[in-house]
Every structure is written in C-alpha cells, then in structure tokens.
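I opened my notebook to write down a few things I looked up in this structure, taking one place at a time.

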Amino acid sequence: MLLGIWEAAFRLIGWRDYLFPAPSHIARAMIDLAGQLGPALLVSLARLAGGFAISLTLGATAGLILWRVNTLNRAMGPLFLGIQTLPSVCWVPLAVLAFGINEAAMMFVLVMGSSFAIAIAMRDGLNTVPRIYHHAGAMLGARGLAYYRYILLPASTPAFASSLRQGFSFAWRSLMGGELILATRTHGLGYLLELGRSFADVAQVVAVMVVMIAIGMTVDRLLLAPLERRVHRRFGL
Amino acid sequence: MTGHLELISVSKKFAAAQMHALQNVSVTCQPGEFVVVVGPSGCGKSTLLNLAAGMALPDSGSVTLDGKPVTAPGPDRAVVFQEHGLFPWLTASENVEFGLKMQGVSRSEREDRVAAALRMVHLSHSSKKLIHELSGGMRQRVAIARAMILDPAVLLMDEPFAALDAQTRTLMHAQLQELWSQTRKTILFVTHSVGEAVRLADRVIVLHAHPGRVRREIKIELPHPRNFDGREISEIARLVRNEIEDEVNRVNKQLADDFWKPVKPTDLVDVAGDMGSGI
C-alpha cells in the first residue's frame, strides 16, 4: 500500500531517480546486488553473532556487579549512562588506533556500542527483583551461590530478556556504523552501503538500508519480542 | 518436643527514626501453641515476626528457638509472607519442592513429600499451574505447603490472609485449624484483624504502638476447631477490640497533641466587630 503510494508519487511528480529512488528501482538494485548482498549479509550476521555474544557476557556481568556493589554503582553508573549516549561510530577512531583496520576493531566498536546499554538494562532489571525473594530464599536454605543460581538468575530473566532486546538494536546499529567506515578485507552490509555512495548509486544505498532495517525488524519481531513475551507470560507480567 | 520460641525483652529501632518499633517486648511460644499477635498498624508486629524469622536482628534482647539463638533465616522457622513470596518462574509443585531441593533431598523422596504437602492444603489438582494462574487463596495455600514441607519447628505467619476476600479468609482459617490440629506445629501468627486472632489463637497478644510494647495477653481456652460465629468467640473479640480501640485512641491523641491545639470560640468570631469596615 505504502509502496504503491510511493511509486505513484514518484511517477506523478517526476523525481529524478539519481536523487531519490522509487520502489521499483530499489527492487532492481536488490536483484542486481543479489550476488554481493548474500555474502555481505552472512559476514555481517556472523560478526553480529560473535560480537553480540561477547557484549552480552560483558554487559550482563557488569550489570550484575553494578547491582551488587553499591559504591561501584555510584561511581560508575553515571559514567555508564554517559557512555551509552555516545554514538557508536565515535568508537571507530579509537578502534582503528588501537587495533588497526581489522575484525578486532569491528568487534570493539560493536561491543563498546552495545555492552554499556546492556549493563544498564541488566542493573535496572535486577533492581526490580523483589526483596521478598531474597527472604524467601534464605528461609528455604538458598544461600550464597545457590541464591544466585536458583533465585536471582531465574528472577532476573524478564530483565535479561529486555536487555537482550535493547542490546541487540544497539549492537546492530554499532556494527553497521563500524562496517560503513572500516573497510576491512571481508565486506559486510555497511561496506555495500558505502560502496553505493561512492558510485552515487542511490538505489543501491536505499536497497542496502532496506536490508539492514529488515534484519533488525526480523530479529526483533521473530526472535526477541516473542522471547520477551514468553518470559513475561510465564511470570504473569 | 521442639518449637519452643522465645523472644526475651527485645527492642528494635526503626532505621530512619529514633522511634522504637519494639521496646522491651517478650513473647514466648510453647511447643505446639498457636499464638496470635494483634495490634494497630505501626505497633511493630511485623518487626516482631522478622526478628523471630532471623530476617532482622534485635538491638537488644534475645531470640531463641529451643534454646539456640536465632541469627539468620532458616528452614526451622518457616515463614508465610503477606505477599506470598512464591517464585513466579516455578509451578506450584516446584515452589513447594524448592526447600527440599536446597537440602539435597533425593528426587523420589521429594516427589512423595511434595504430593503429600499439596494434598494437605487441598491443591493436588493445581500442582502444575504457575503462580499467577492461581487465586489469592490458592497462592497462600501453596505458600503454606512450601513452609510446612520443611517440617519446621515453628511456622511464622505475617498477615497471610490480609489480602483475601472474607469468604476465602474464613475457608483459610478452617484449613489452617485443620492443618494445625494434624501437625501440632508451634505457630506465631501476626494480624491486625481481631476476628482472625480470636478464631485461631490459643493465646492472643495485644501490642500497643509508639513504642511497640505488649499491652495485654489473653488466653483463649475454647476447643478447636471453633465455631467462628459462636457467642464466646464474639465476646472475646469484643474484649480484644476494646483493648485495641483504647490503644488507637491513645496513640491518635498523643500524635494529635503534638501539633493540634483546641480552637477557642473567640478565634472564630470577629472580636473587634468591625467586619467589612475597610471596604
């Protein structure tokens, strides 16, 4: 429907196709690009999987520590929030200087761009775990490690599911930003976007953007949102 | 027989204020006794229960169970919380099972004991349900089963039925009586409801507030299970209610005196009589 209006407006008004593409141009660009899009998509998704795993581990651990150690939270909490507001591409120069133009730099941008948000979400989520679970756990004999394993871990799954969802969108954005700027040997989606710009191929630019948005939406709608819903239903939230 | 719970002249201050939540309060539960502590809000009755549970430590005085000092929460003093405190990620039966799992009881023994505990609270049919799928009354029954399965020396109950509707509460009273006469556990039960107190208790302890102290102890020697609408029950309830009303009035007066002075009639009329003269 929307696409139809877009296409019709394009034809009626007569925009020039090198300034702004119509859906039909984008579709054609996608077909032309198919050979490159597929591999680039795989590269990007592989990076996302690896980097997101790292940043989840780091972020969740940091969130747990911030939650547990109050003095650290007071000292570092505001800093974490501040870093979270930093656009992730701002990590690129530091990444290049520290690692060079390579996969490590890419991972660095992704992890830095998303783990702080995950840590904050995790900490806030843990703060919402009712105090009564602690009392009930102590009464039932869940102390020390058992408390973490059998009470805190399951009790914080709603928080974790939400931080997963938020962390993913941060990670995906960071990675695309990183790929856009860092021309590493293997090419991801961000590189195709930049390539489109350098050839002044507006259809390609928008086509790649469409793929990026599609990936973000697919993962969120089909994977993370249902996961969050399931956890919430289990908890009766 | 175990279950001799003693709180001897315990005092506890609120963290923020210098006010005593409890001042020099002594409460003793004999093995197998059903003791209900009743009092207006702010009388420190929940604090008292927290001390018995070991979730808080007294500023002075001692808390012992069968002669051993209480220093931390433990399965020998099982608690039924006002807001059940059940784990929403577990089913009803998994909640009941939790304490045994922590104790390292074998799976087959756990299954038998969980089934028995759920039968005791008439919930066998709902064992696979999640907590939010249960009604308020059923949740508290799961909480009671979770506590009883630990085979505690005392059962501590913190206004467990306060959030339930009247019919459910009456049903819960009957079931708790039945459960108590079967197991003869020592029960320390805290409530603000006088009706609840006199229905259930062998002994009612009336606390007064600001600071929390024992105002009166009333032994109720009516046999269990009781007819909740009986004449004797009503009379004892009236007696306890009077105690508490006196207490509430005293506290209100005391609080009011601090900032409220009676208004003199002359304050209300225009003494000079020149009303409107400046117009």
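I asked first whether Ala200(A) counts as buried or exposed. The model is a predicted one, and in it I found 9 C-beta neighbours inside 10 Å of Ala200(A), so this residue counts as exposed, because the cut-off for that class is 12 or fewer. I then looked up where Ala200(A) sits, and found it in the loop between helix H9 (189-198) and helix H10 (202-235) of chain A. I also noted its backbone angle, since Ala200(A) has a positive phi of about 55° although it is not a glycine.

Next I turned to chain B, where Ser9(B) has a positive phi as well, near 35°, and is likewise a residue other than glycine. Ser9(B) belongs to strand S1 of chain B, which covers residues 5-13. I counted 13 other C-beta atoms within 10 Å of Ser9(B), so I entered this residue as partly exposed.

My last entry is on how the two chains meet, and I wrote that 21 residues of chain B are in contact with 16 residues of chain A. Which elements of chain B each supply at least two residues of the side that touches chain A? I found that strand S6 (77-80) and helix H2 (92-102) of chain B do this, and that H2(B) gives the most, with three residues. Sorting the residues on this side of chain B by kind, I noted 15 nonpolar, five polar and one charged.

Key:
Residues are numbered from 1 along each chain as its sequence is written. Chains are lettered from A and ligands numbered from 1 in the order in which they are written. This is a predicted model: local features need pLDDT of at least 70, side-chain atom pairs count only at pLDDT 80 or more; totals for chains, interfaces and linings use all residues. Two residues are in contact if their C-beta atoms, placed from the backbone, lie within 7 Å. Helices (H or I, at least four residues) and strands (E, at least two) are DSSP runs, numbered from the N terminus. Ala, Val, Leu, Ile, Met, Phe, Trp, Tyr, Cys and Pro count as nonpolar, Asp, Glu, Lys and Arg as charged, and the others, Gly among them, as polar. A residue is buried if 20 or more other C-beta atoms lie within 10 Å of its own, exposed if 12 or fewer, and partly exposed in between; C-beta atoms are placed from the backbone.
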